Amino acid sequence: MKVKRVEAMMGRPEGLKLIDENGKRLDGRKKYELRRIDMEVGVLKNADGSAYVEWGKNKILAAVYGPREIHPKHLQRPDMAVLRVRYNMAPFSVEERKKPGPDRRSVEISKVIRGALEPALLLEMFPRTVIDVFIEVLQADAGTRVAGITAASLALADAGVPMRDLVAACAAGKIDGEIVLDLNKDEDNYGEADVPVAIMPLKNDITLLQMDGYLTRDELLEAVKLAIKGAKAVYQKQREALKEKYLQIAQEVAGNE
Amino acid sequence: MSDAPVMAGIMRDRILNLLKEGKRIDGRGFEDYRDVEIKTNVIEKAEGSAWVRLGETRVLVGIKVDVGEPFPDLPDRGVMTTNVELVPLASPTFEPGPPDENAIELARIVDRGIRESQAVELEKLVIVPGKLVRVIFIDVHVLDHDGNLIDATGLGAMAALLTARIPKLEYNGETGELVRLDEYEPLPVRHVPLPVTFAKIGGNMVVDPSLDEERVMESRITVTFDETGHVSAVQKGEGGSFKLEEVMYAVDTAMRKSSELREMLLSSVDRGLP
């Protein structure tokens, strides 16, 4: 463990290959393979809607409250609901303890996630109210914003907020000169670029797009297209997770009769 | 504030109707920037500075240079930070206080564009590896907000970096003494990344949105290119959504527009490509 810490301090370990001669990545995945993703809907008692997503080593909890009365009142809009998003990382979610509370990164991520979810919601149905979305990152291993969007979108559906579509998200990136799907932490640290994307799959609308890194035009577009494919796979899992919840309820009801 | 939605409604209709005819409210083409003016070395006390006017948007960027510790994971690199202040004199919507999400997002988009292209040669700013490096502060003061603060800030930051001069230092390894000489050298800059921002309004993509256009836009996207044809930052902002074709249009147009802006920037700071 100690050796690993020193490596982390010194930047990329010498000779580290993120893709081996067989085309396998550090965690054994192929170039276009997602990490294991598990989703569960309706996991919290108090929230109007909630979801828990495990995505590789990411563990993310999302909750939705609302539409409800907005405080402070001056923020209310006469023509539509206000969407508020708070993305927050637990202090123990990362290798080095993170100081509690919002830092600049969390503030920016909260803002872009709000922009990613907003187009899916029929906010004009609930004037003068607020819909609060809380995303808590309990453990982080790269790709927390796309996992957070995925969880938040499920929580919104679970809360019964009217939506045009689910928002599904996934990232692609560049490691060792190749465009690959869904970077993990080591790949994000030592790779060349990370491209998180969120979509509403029914109409192929892109609702989140960022790029942090250094890519040619063609590489960027390749990464965007790959991330969209990944998000479509995530979308199928979201639908299954929602179905699972209602099947369970149906079984319970049937069992009671 | 109370009449804002009504005004926005009237303005939205007018902007949308004009766009349908292929026109913008200020008479520009969809791919035209507003008039740009750049002045450098306007603040003598700063190691580098630039004043940029983009239409009626005005920003002032100052570069301050200090000495400090490197990040533990990057012991052989200087440190660079970008901060933006949306000061209340610039707009009735700006309030005093710590940076809000708009200021933070703006600073981080511009910072990423510069950092990821490694525009500033941070490896040349090391005094003692792991112990002592130069710290470059890029501080942005927005003076008048008439839309597209991102591109104005990106231009200002690069103009200030390209013209910054930093004092030479002499380090005595035995005594650990650091002497600041009265000689100056240019800040080492190797690339010129520039952000190009689009607003999507009624399904139309327009470059360099004015404040009126930003008020009614559905969405925003920024693509930062350097002169080597690499993208060093992308950010979709606000709500709304883009089709893949619109993203491709933004990327290709940004490549073209950034090189036009770069040519103008380099001639106004009186130098060629680094």
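In this predicted model, Glu246(B) counts as buried, at a relative accessibility of 15%. The cut-off for buried is under 20% relative accessible area, so a value of 15% places Glu246(B) in that class. Glu246(B) belongs to helix H5 of chain B, which covers residues 244-268. When residues up to four places away in sequence are not counted, Glu246(B) touches Lys200(B), Gly203(B), Met205(B) and Ser241(B).

One of these partners, Lys200(B), leads to strand E9 of chain B, residues 194-201. Strand E9 pairs with E11(B) in the antiparallel sense, over seven bridges. Within this pairing, Thr197(B) has Thr222(B) in E11(B) as its bridge partner. E11(B) is also joined to E12(B), again antiparallel, by six bridges. Here the bridge partner of Ile221(B) is Lys236(B) in E12(B).

E11(B) is mostly covered, with seven of its seven residues buried. The cover extends to both faces of the strand. On one side lie Ser219(B), Ile221(B), Val223(B) and Phe225(B), and on the other Arg220(B), Thr222(B) and Thr224(B), all of them buried. Thr222(B), the partner of Thr197(B), and Ile221(B), the partner of Lys236(B), thus sit on opposite sides of E11(B).

E11(B) and E12(B) form a hairpin, with four residues between them. In the turn, Gly229(B) has a positive phi of about 85°. The loop between strand E11 (219-225) and strand E12 (230-237) also holds Glu227(B).

Is Glu227(B) buried or partly exposed? Its relative accessible area is 25%, and Glu227(B) is therefore partly exposed, since that class runs from the 20% limit for buried to the 50% limit for exposed. Leaving aside neighbours within four places in sequence, Glu227(B) is in contact with Arg190(B), His191(B), Val192(B), Arg262(B) and Leu273(B). With His191(B) there is a polar contact between the two side chains, at 2.7 Å. Arg262(B) is 35 residues from Glu227(B) in sequence, while their C-alpha atoms are 7.9 Å apart in space. The residue range of helix H5 of chain B, 244-268, includes Arg262(B) as well as Glu246(B).

Chain A provides a surface feature. Tyr246(A), Ile249(A) and Val253(A) make a nonpolar surface patch of about 260 Å². Tyr246(A) is placed in helix H5 of chain A, residues 217-256. With a relative accessible area of 43%, Tyr246(A) is partly exposed. Patch residues need over 30% relative accessible area, so Tyr246(A) at 43% passes that cut-off although its class is partly exposed.

Terms used
Residues numbered from 1 in each chain as written. Chains lettered and ligands numbered in written order. Predicted model: local features only at pLDDT ≥ 70, side-chain atom pairs only at ≥ 80, totals over all residues. Heavy atoms only, no water. Patch = residues over 30% accessible without salt bridge, like charges linked within 9 Å, V, L, I, M, F, W, Y side chains within 5 Å. Areas by Shrake-Rupley, 256 points an atom, 1.4 Å probe, with all protein chains shown as cover. Salt bridge = Lys/Arg side-chain N within 4 Å of Asp/Glu carboxyl O. Helix = DSSP H or I, 4+ residues; strand = E, 2+ residues; numbered from the N terminus. Buried < 20%, exposed > 50% of the residue type's maximum accessible area, 1.4 Å probe, protein only. Contact = heavy atoms within 4.5 Å. Polar contact = N/O pair within 3.5 Å; in protein donor to acceptor, adjacent residues only side chain to side chain. Pairing = 2+ DSSP bridges.
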